[in-house]
Structures are given as C-alpha cells and as structure tokens.
Amino acid sequence: RADLILATSPFYLKDTDYLPKYKEKTKVLPLCIGESRTVITAEEKKKAEEIRKKYQGKKICFFFGRHVPYKGLTYLIQADQYLNRDAIQIVIAGSGPLTEQLKEQAKTYTNIDFVGRLSEEDINSYLIACDIFTFPSITRNEAFGISLAEAMWFGKPAVTFTIPGSGVNWVSINGETGLEAPNKDIKAYADNISKLVDNQDLYAKLSENSISRCNKLFTIESFDSNIISIYNRISKDIKKDE
C-alpha cells in the first residue's frame, strides 16, 4: 500500500528477494553522517596528537562499533598475525556481548588495544589520529555502515570484506576509496592493511577519493537534497495516478 519504498543503497535494494516486484516505487536514499563528526574542536585535535604519541609513531588501524558477531572483529584480530606489529597498531573501541571473548582472543597480540566505549568527541579524536579504518563486518546485517562513511569524511581509507547484499561495498568502493578482501579471508585482509601502510601513493589517492565521495553522497546537505528530490518525484507520480 506504500507510495514509496526507500533503501539506503542500490546494493541492498538489488539483492533482496521481495523488493524487485515493487521496483517502480523504490528509491535509494543514502544515510548521512552526524553533525558531531563535521565540527572538529581544538580539544579534539589536541587529543588526537596525544593518541598518536601514545602509539609511538605506529600506523593506527581504528574500529569503533558494537562487539557483536556480524561486525567480524574476530577476523580482524586473526588478521593481526600477518601484520608487522612493530609498525601497525590496532585500536578497537566500543563494547558488546563479545568484548571479553575478543579480549581473550587478542591476549597474545601486543599491538591490539581495546579502549572501551568512547564519547562522540573522543571518536572524532581517534578518527583524526588513525591512518586506516578497519571495518571487518561479514554479513548483510551490516546494511550500510554509517561509521564507514564517517571515517571517509576524515579521509581514512577503509579495509572491508566483500559482503553479498550489503551496502558496505557501495559506501566504500574497492580500489577507489578503500580496499576489499574476500569475506573472512584474514590473509587478504591483512595484506590490504599492509598495502595501505607501504604504498603512500595508493593511500593518498584513496584518502582523497574518500573525502570526495563522502561529501558528494553522505553529508546532511546531500541527504536533504536527495529527500527533497525524491519527494518531488513521488508527488508528481501520485498526482498522475489521481
């Protein structure tokens, strides 16, 4: 009975069993990053410098989010065995039912730091300080990945897995704004992190493209423009039907 059905990405819309038959009234409206991400204070910048000093010049791979199975954190931890631990630091923020289990799994790795739940301001500081955004989600439960878009606004290339039917691989484009590994392939995931650490030209390209894509698609301004455009189109269609 709906006049309009919205999906947050074309990938999520395409790979559903039931929406194609309603194709004529489906539209894509990408989510947008929060305003708290786009207003950076001097205090947040200062905290970012302290974070960099804490990890003594290592390249920082940052994750924040809930510690639940579909987030794939167990694979990020497993991937660490293939990384240069003297040069790379993994920082995991957030909490959830898997936190203690993940900490136990990571006990033998000297370069993985769990920093707990962070305030919005502290998340900004870590996003400023980090070099790479590690986003190891593995299932379609991760429909979009708003934190992924937020990291892109900061110019941080993301390392993701291929997730059939998820918007994650549309938010961050493989080889354009980040690097993508086959689902649950921890060696390929680690190799992609290492590529970003070792290849500064590649890093710079992906960083610049991340900012550009986020500004084009995932800001509040683009959301407002998209929803107004969709509303105008659907209103015209409804009037035609009447």
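At what angle do helix 9 and helix 10 pack, and how far apart are their axes? Keep that in mind as you open the model, which is a predicted one, and begin the tour right there.

**Stop 1: helix 9 against helix 10**

Select residues 186-198 for helix 9 and residues 200-217 for helix 10. Their axes are 5 Å apart, and the packing angle is about 100 degrees. An angle of 65 to 115 degrees counts as roughly perpendicular, so helix 9 and helix 10 belong in that class. Now show the side chains where they meet. From helix 9, pick Lys195, Leu196, Val197 and Asp198; from helix 10, pick Gln200, Leu202, Tyr203 and Leu206.

**Stop 2: helix 7 against helix 10**

Keep helix 10 on screen and add helix 7, residues 146-153. Here the axes come within 7 Å and cross at roughly 120 degrees. That angle makes helix 7 and helix 10 oblique to each other, because it lies outside the 65 to 115 degrees counted as roughly perpendicular and is not over 145. The crossing of these two helices is left-handed. To see the contact, select Ala149, Met152 and Trp153 on the helix 7 side, then Ser210, Ile211, Arg213, Cys214 and Asn215 on the helix 10 side.

**Stop 3: around tryptophan 170**

Arg213, which you have just selected in helix 10, leads to the next view. The charged end of arginine 213 sits over the ring of tryptophan 170, 5.1 Å from the ring centre. Now add phenylalanine 218. Tryptophan 170 and phenylalanine 218 make an edge-to-face aromatic pair, with 5.8 Å between centres and 80 degrees between planes. This pair joins distant parts of the chain, 48 residues apart: tryptophan 170 is in helix 8 (residues 168-171), while phenylalanine 218 is in the loop between helix 10 and helix 11 (220-241). Are these two rings buried or exposed? Tryptophan 170 has 13% relative accessibility, so it counts as buried. Phenylalanine 218 is buried too, with a relative accessible area of 0%.

For another charge over a ring, select lysine 187 and tyrosine 82. Lysine 187 lies over the face of tyrosine 82, at 5.7 Å from the ring centre.

**Stop 4: the aromatic cluster**

How many aromatic pairs does the structure hold? There are 10. One of them is formed by phenylalanine 62 and tyrosine 126, which are stacked, with 5.3 Å between centres and 15 degrees between planes. This pair also links distant parts of the chain, with phenylalanine 62 in strand 3 (residues 59-64) and tyrosine 126 in helix 6 (residues 120-129), 64 residues apart. Both phenylalanine 62 and tyrosine 126 are buried. Widen the selection to include Phe64, Phe133 and Phe135, and you have one aromatic cluster together with Phe62 and Tyr126.

**Stop 5: glutamate 142 and glycine 165**

Phe135 from that cluster is also among the residues touched by glutamate 142. Glutamate 142 is in the loop between strand 6 (132-135) and helix 7. At 7% relative accessibility, this glutamate counts as buried. Beyond its sequence neighbours up to four places away, glutamate 142 touches Tyr70, Lys71, Phe135, Ser137, Ser166, Gly167 and Val168.

Next, pick glycine 165, in the loop between strand 7 (158-161) and helix 8. Glycine 165 counts as buried at 5% relative accessibility. Leaving out neighbours within four places in sequence, its contacts are Phe11, Tyr12, Asp15 and Arg140.

**Stop 6: glutamate 180 and two positive phi angles**

Move to glutamate 180 in strand 8 (residues 178-181). Setting aside neighbours within four places in sequence, glutamate 180 is in contact with Thr160, Phe161, Thr162, Asn169, Asn174 and Asn192.

Then follow the chain to lysine 184, in the loop between strand 8 and helix 9. Lysine 184 is not a glycine, yet has a positive phi of about 70 degrees. With 44% relative accessibility, this lysine counts as partly exposed.

Finish at glutamine 56, in the loop between helix 3 (42-54) and strand 3. This residue is not a glycine either, and its phi is positive, about 50 degrees. Glutamine 56 counts as exposed, at 72% relative accessibility.

Terms used
Residues are numbered from 1 along each chain as its sequence is written. Side-chain values use heavy atoms; hydrogens and water are left out. Rings of Phe, Tyr and Trp (its six-membered ring) pair if their centres lie within 6.5 Å; planes under 30 degrees apart count as stacked, over 60 as edge-to-face and the rest as tilted. Helices (H or I, at least four residues) and strands (E, at least two) are DSSP runs, numbered from the N terminus. Buried means under 20% relative accessible area, exposed over 50%, partly exposed in between (1.4 Å probe, protein chains only). A charge sits over a ring if NZ of Lys or CZ of Arg is within 6 Å of the ring centre and within 35 degrees of the ring normal. Axes are lines fitted to C-alpha atoms, for helices over the stretch in contact, and angles run from 0 to 180 degrees between N-to-C directions. Angles under 35 degrees count as roughly parallel, over 145 as roughly antiparallel, 65 to 115 as roughly perpendicular and the rest as oblique. A crossing is left-handed if the near helix is turned anticlockwise from the far one by less than a right angle, and right-handed if clockwise. Contact means heavy atoms within 4.5 Å.
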